[in-house]
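Student: Please take a close look at one part of this model, the way its helices are extended, covered and packed, and set strand burial beside it.

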Amino acid sequence: MASASVNVSVEAVQEHKIQEVTLDGQEIYIPPLSMSENLAKLAHKIDFYKDESEDKGKPTSEGEKEAEEEASKAAVQPSLWPWDNIRNKLKAALTEMSVLLDVLNIAKEKRYMLLDHVSQDAPEAKSAIQLMAKKKGLQSAAGVLLAGAERLKKSQQEMGNRPQNEFHIELLKLRQNWRLKKVGKTILGDLSYKSAGSRFWQGGSFEVIKNTNIASGEGDTMASTRSSLEVVIPTELEGSAFVQVEVKTVEGSMNLTSAILRMPHGLGPYPSDAHWQTKLEAAQNVLFCKELFSQLAREAVQLKSFVPYIVVGNQIISNVFPNVQLSIVLCHSTGKKDKKSQHPGKVEHNHVLEHSLHQLLREVHFKSLNMSVPHPVTATIGVTKRRRMAGSEAIGRRELLEMTESETLLEQIIKQTRHAVLRLRTMKVIDAVASKYPDPQICAHWSCLNSSLESNVRVIITSQGYEAMRPTWQSMYLEIGVNDIKVVTRERRRIILSFEEKEIEDLILWQISQHHIAVCQSLARLLSWQYISHSSATGVGEMEDFATASSVLLVSPNSDKAIAVRSGPTTGLHVHMKSDAKDIDAELASILEAKWHNLTGTFKEVDLNRIDGRNFATKLELIMASVTRKR
Amino acid sequence: MGTIDVYPYPVPEEKSGQQVVDTIQKQLELLGAHKSGNFCVDCESYQSNIQTATQQRLLHLFHNSEQPATCFSVLDSGICLVSDLLFEVLVLKLTEKKTGKECYYQQRKGFKVESKGQRYELGDFIVKVGSVILASNFRGILIEVEYCPCVIPSECWNLMKEFMQSFMGNMAENPPAHIKSKMDTIYTPEDTIQQYLEHFNNFRKATSASVPATPNR
Amino acid sequence: MDSTGAMGQVLSSKVAPVVENFLQGSVLDTSKDVLIHRLRGLCDNAENQPEIFHDHEIVFIMQGNPNQQPINFHARHSLMHPDAWHLRYLGVADIGDKNKLTLIRHCVDAGVSSNVVDFLNEMGFKIDFEFIAKGYFFHKGRMKVTVSKLYKILQPGSTDQVEPLSQSHLVELSVVAPRVQEQIGEDMKNFAEQLKPYILYKIELKLDHLQTV
């Protein structure tokens, strides 16, 4: 029955309380209470009476009430000594606790008393009331739900009714496409390519502001077209820009006067009230062009080249081939400029190369972000897989050197330009030759599979009407590279041509002359003429400007006629025919057989122009057919 | 990377090493070879200091200028680890002495060997004439001949033999011992190192037997 | 001895990355997907699927007499590209310095040929423990972020029979740099802040994980 002991720890606050602060700032402290003083003070604070009455509540026994009375009496009495009050209260508490314990014991032991549940009367008309209550509950729940639905509907309607360009909706749309962040009260956005791998120094931050003008001032019709969101783009990114790439043929030295900003008409500044998306896209494009140009300019300055690259203002000039130069110009119009700069001069803007430039820079961006994943993951990051394996696979010096080599943007674009120039030249030359020489047909088959640095063409020379004679086909295969053209002829001879147009033209002319000889040979076989001799490099006759003339000698089936054909790339075709030597006496005793008559005779040139026929092959066939005597 | 054979070249008593090297180089130049830089193969050795291990280990670290990103480590049991240059740093970690602690491997003093000299190219062949230097003393000459287009030694041995005899005489009568055992396998840079290790060991032995400047082959 | 001098020379002459700044944490398997999602957004190449990896690591230990300090080498290879082995020495993380934002330890990385296990054995190393790590790899610039699940190997030598070690994934942020740079620590700290709700403890020191395996 002993009461459990409770540990009460009493501890004074360590710091002194401030009683007052004098005007000169001095603080007057209250001296701390002594231990016993403190205890008394704390004990005073305990209101035992209140605690009892509140905690136990009403269902207390008789004894408690007495205790209450006692306690109240004790409280009224003047205390004899400081602890009297406390003692009384504790005593009362003890009494009460003892009584409570006794009651509990009695109830628990069940020897003297039994406790029973007090039976309460069940409420009548249960179901009706319950139904009512439920109904009421459901009704109120339905009310809440309906009210909520109504509110949602309303807000939805409001959303619908609201103009499309409401600021926050616009902001939401903006946020879906652009990077935004809130700094203080302003909303800043970033339109740079940094997150896509760019390392350009110039930032591309813009500010988003609410357009208050339209909301208040202008009419509804205007408001529907204009956005309530406005973007402020840094001045250096305003306007529109593009990189103009031009391949020019210049006579003699470099032409520096062309470094004038010329803006094509189509690409003018956008109106100041354009939609923010347009503005941002334009600004981003400006930033991209600037990065591209600054990269190229930096490379142009750093690169050592045989003919130095020239960077003048917003133009980079580099020599591609002698007399052909590539100029890359950064065109940036801020829109505030007057229209003077619109130069009437026609600019041959090369869209393909401009596109390649954009592609190259984007590739650089891509590479800076996309590193090959190291396997195992603890291996070094940021190097290629090949480099990572270089050590353990004992890769040789040369391969390692190759790995370190990388081409700059400028070098790459110059290569592409060279190829483009070379391809264009080849195309033009082939077309020009084909239209100039109608006799043998010249077909060029361009391969559809080509790259920006290599393309192929097969040139086939045939004679009209004789295409079925396969041996007469004079085909060659041209592989157009960066600096030169590799040619493989029909007889698998490999020739490397430089960038000069003349070389291709000469080659084709030489091939034409070869084609004529091939036609002669094939026709001879067809008409059973004899093929006596052939020389691909005739040492006699008129000198050719280049290459050599070929010749062939054919004899009719019964050996009385001979045709000699000489075909040169510049001297053209000459057909000579030998007829019987009439001057030799047929009855000469020394001639035992008729065939010996054929030994002599003179060649006479045939005037091809006077022979019918569309081309040389027809004409030759006609000649051969007409001179053949029946056996 | 093709097939490589390494042979020691004798230095006669009356001639200095440099003279012999010059003679070989002159012969190569007469054959039409042209210089293509220098080369160097070096080796450092470490000795194990592990009490628990049953036997002492020797670890040789090789560098070959032909594979500049690689460090070859060969244990005396013959196993060769091909690795990045940084493996050397790992080995140095093992040789590191912390305060009051002992290291696991110790560098062997005066055991650094290297073979360096001119590198020649002649068609598909690469010839390297190296002077072997042990602890900054000239010890002999090693000639390395590489035939680039072929990686299986047996396929090109006769060709190489013929080529080598044109300037080395009958030094190259048989394939090197290391190659002989693996004539039909694919040649790797590791095999070059094994050949060098064999020759370097011979030079070291010769030195310790105090027979100076005569390769024992 | 001059070995430390030679060491310093090697370290200074070659600009080899030798200091690793790292942070570690763990995430319960149930929240892993959320974390992966978040990392995809934070790291480079958000548009790509996260790269997966599957590595096998063997930790070697060299122990001699009590006078010699034990030294650990970590040999790791990917089970997806089994021939690429990688040997790593990791120093003891510098825990005491409260000013540092990340843990910093020395590390030496070297790619090695696939006979490294035999080689280390012959050198006098013993296998301390081994495990399999499987998970996702992200990077943001030079920072590597890996979310990996560690597995015990039930039978030594067979990498197929494994058993997960715990119900959580190990998350590691690591930047290897040539020297200690404040900026790296700051960047990493900022990055780690972004992962706050998901990872239970960040910048907790790493006790040798798996030592008990």
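Tutor: The expected span of a helix is 1.5 Å times one less than its number of residues. The model is predicted, and local features need pLDDT of at least 70, side-chain atom pairs pLDDT 80 or more, while totals for chains, interfaces and linings use all residues. Residues are numbered from 1 along each chain as its sequence is written, with chains lettered from A and ligands numbered from 1 in the order written.

Helix α5(A) (helices are DSSP runs of H or I, at least four residues, and strands of E, at least two, numbered from the N terminus) covers residues 126-161. Its 36 residues reach 52 Å from first C-alpha to last, close to the 52 Å expected. Of these residues, 0 are buried (20 or more other C-beta atoms within 10 Å; exposed, 12 or fewer; partly exposed in between; C-beta atoms placed from the backbone), and α5(A) is hardly covered.

Strand β1(B), residues 3-9, has 7 of its 7 residues buried. Thr3(B), Asp5(B), Tyr7(B) and Tyr9(B) line one covered face, and Ile4(B), Val6(B) and Pro8(B) the other.

The axes (lines fitted to C-alpha atoms over the stretch in contact, angles from 0 to 180 degrees between N-to-C directions) of α14(A), residues 501-526, and α15(A), residues 616-627, come within 10 Å and cross at roughly 35 degrees. His516(A), Val519(A), Cys520(A) and Leu523(A) of α14(A) meet Phe616(A), Ala617(A), Leu620(A), Glu621(A) and Met624(A) of α15(A) (C-beta atoms, placed from the backbone, within 7 Å). The contact divides into 7 nonpolar, 1 polar and 1 charged residues (Ala, Val, Leu, Ile, Met, Phe, Trp, Tyr, Cys and Pro are nonpolar; Asp, Glu, Lys and Arg charged; others, Gly among them, polar).

Methods
Contact = placed C-beta atoms within 7 Å.
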